[in-house]
Amino acid sequence: MEVALKIDHLNKYFGKRQILHDICMEVYAGEVFGFLGPNGAGKTTTIKIVVGLLRLDEGDVQIHGHSITKHFEDAMACVGGIVENPELYKYMTGRENLRQYARMRTGVDEKRIDEVVELVGLSNRINDKVGKYSLGMRQRLGVAQALLHRPKLLILDEPTNGLDPAGIKELRDILKNLAHKENIAVLVSSHLMSEMEMMCDRVGIIVGGRILDVQTTEDMISAAQDTTIRYTLKVSDPAAAVQALTQLPEQAKQAVEDSLVLRIETERADEIIGDVIETLVSRQIRVMTCVPEQTKRLEDVFIAMTQENGGAQIG
């Protein structure tokens, strides 16, 4: 896989205080990478170093093979980004803003402006003053601005801040399209775990200035799942149901009010539940509902890893 961003043993100090500790990770072309961490964990500091707003103290950052310490201009030519909020001229139209930014980049013509406007879905409002834009529209224009010079790496720090659910979904669709269809590497930081779970191909979690884990979203969630799962069955006679299920060990079944509560192996859950229902029906015990407990989500994994590693902020 083509490496768009490589962070290699990155360390950062503010005075005598170490903020980042030996950060190592890679982001690939064609993926949305979620960079997750609580407030004060080092996300924005890392991002500011990558986009050239802060100087690193030790280690290296390479953007499509160009080191920011040795070939800064070549590296920055490959990256586009929004750190915190897009900086826009509110008294200008969206198109005038893009033209102004295009003056600082080579090879950006009116055709390219039209392409990015279409890409982010702003064609019908691009000639309106930015002061009349909603927050979601300003975020879209910021993404368009970041894409003007055809970057190979797009970095967005908390891009969903202040957006309503519709705006968040629209931005998610834009970013996934950029990664999967345009082969751009997209790095996104956010506090919205449910959104990151839907958007990202892989995620990296940073806590206290240290990278704890980098995995695909699916693998990270799967690794945190329990080996057993809890089912609650609403039945006509819970006590009789417990007695009827002789195939299950005593500790795996319990009558609770009008329900039968089971704890069964996750890997064989469907098979075991099928046998349980068949047994109950054969004993004339009615089964009204069968509800599994919700499996762990990315938010659960994130909270558990944060709590296990000393809390949120850099020490």
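Into which domains is the protein divided? The legends below begin with that division and then turn to individual helices and loops.

**Figure 1. Domain division of the predicted model.** The structure shown is a predicted model. The protein is divided into domain 1, covering residues 3–223, and domain 2, covering residues 227–293. A distance of 48 Å separates the C-alpha centres of domain 1 and domain 2.

**Figure 2. Helix α1 and the glycine that follows.** Helix α1 comprises residues 43–50 and is mostly covered, with six of its eight residues buried. The buried residues of α1 are K43, T45, T46, I47, I49 and V50. Just after α1 comes G52, whose phi is positive, at about 85°.

**Figure 3. Packing of helix α3 against helix α5.** Helix α3 spans residues 94–102, and its axis comes within 10 Å of that of α5, the two crossing at roughly 30°. Because this angle is under 35 degrees, α3 counts as roughly parallel to α5. The crossing of these two helices is right-handed. On the α3 side, the contact is made by G94, N97, L98 and Y101, and on the α5 side by L141, A144 and Q145. By residue type, the contact of α3 with α5 consists of four nonpolar and three polar residues, with no charged residue.

**Figure 4. Packing of helix α3 against helix α4.** Helix α4 is formed by residues 110–119; the axes of α3 and α4 lie 11 Å apart and the helices pack at an angle of about 125°. Why is α3 described as oblique to α4? The angle of about 125° falls outside the range of 65 to 115 degrees counted as roughly perpendicular and is not over 145, the bound for roughly antiparallel, and α3 is therefore oblique to α4. Here, too, the crossing is right-handed. From α3, the residues R95, L98 and R99 meet E110, I113, D114, V116 and V117 of α4. The residues of this contact divide into four nonpolar and four charged, with no polar residue. L98 of α3 takes part in the contact with α5 and also meets α4.

**Figure 5. R150 in the loop between α5 and β7.** The loop that holds R150 connects α5, residues 135–147, with β7, residues 153–157. R150 is not a glycine, yet its phi is positive, at about 55°. Is R150 buried, partly exposed or exposed? With a relative accessible area of 46%, R150 is partly exposed, because the value lies between the bounds of 20% and 50%.

**Figure 6. E158 in the loop between β7 and α6.** E158 is found in the loop between β7 and α6, the latter helix spanning residues 165–182. The phi of E158 is near 50°, a positive value in a residue other than glycine. E158 has a relative accessibility of 9% and therefore counts as buried, the cut-off being under 20%.

**Figure 7. Surroundings of R172 in helix α6.** R172 is placed in helix α6. Its relative accessible area is 13%, so R172 is buried. Which residues does R172 touch, not counting those up to four places away in sequence? With those neighbours left out, R172 touches E195, M198 and M199.

Methods. Residues are numbered from 1 along each chain as its sequence is written. This is a predicted model: local features need pLDDT of at least 70, side-chain atom pairs count only at pLDDT 80 or more; totals for chains, interfaces and linings use all residues. Side-chain values use heavy atoms; hydrogens and water are left out. Helices (H or I, at least four residues) and strands (E, at least two) are DSSP runs, numbered from the N terminus. Buried means under 20% relative accessible area, exposed over 50%, partly exposed in between (1.4 Å probe, protein chains only). Domain bounds come from an automatic or database domain assignment. Axes are lines fitted to C-alpha atoms, for helices over the stretch in contact, and angles run from 0 to 180 degrees between N-to-C directions. A crossing is left-handed if the near helix is turned anticlockwise from the far one by less than a right angle, and right-handed if clockwise. Contact means heavy atoms within 4.5 Å. Ala, Val, Leu, Ile, Met, Phe, Trp, Tyr, Cys and Pro count as nonpolar, Asp, Glu, Lys and Arg as charged, and the others, Gly among them, as polar.
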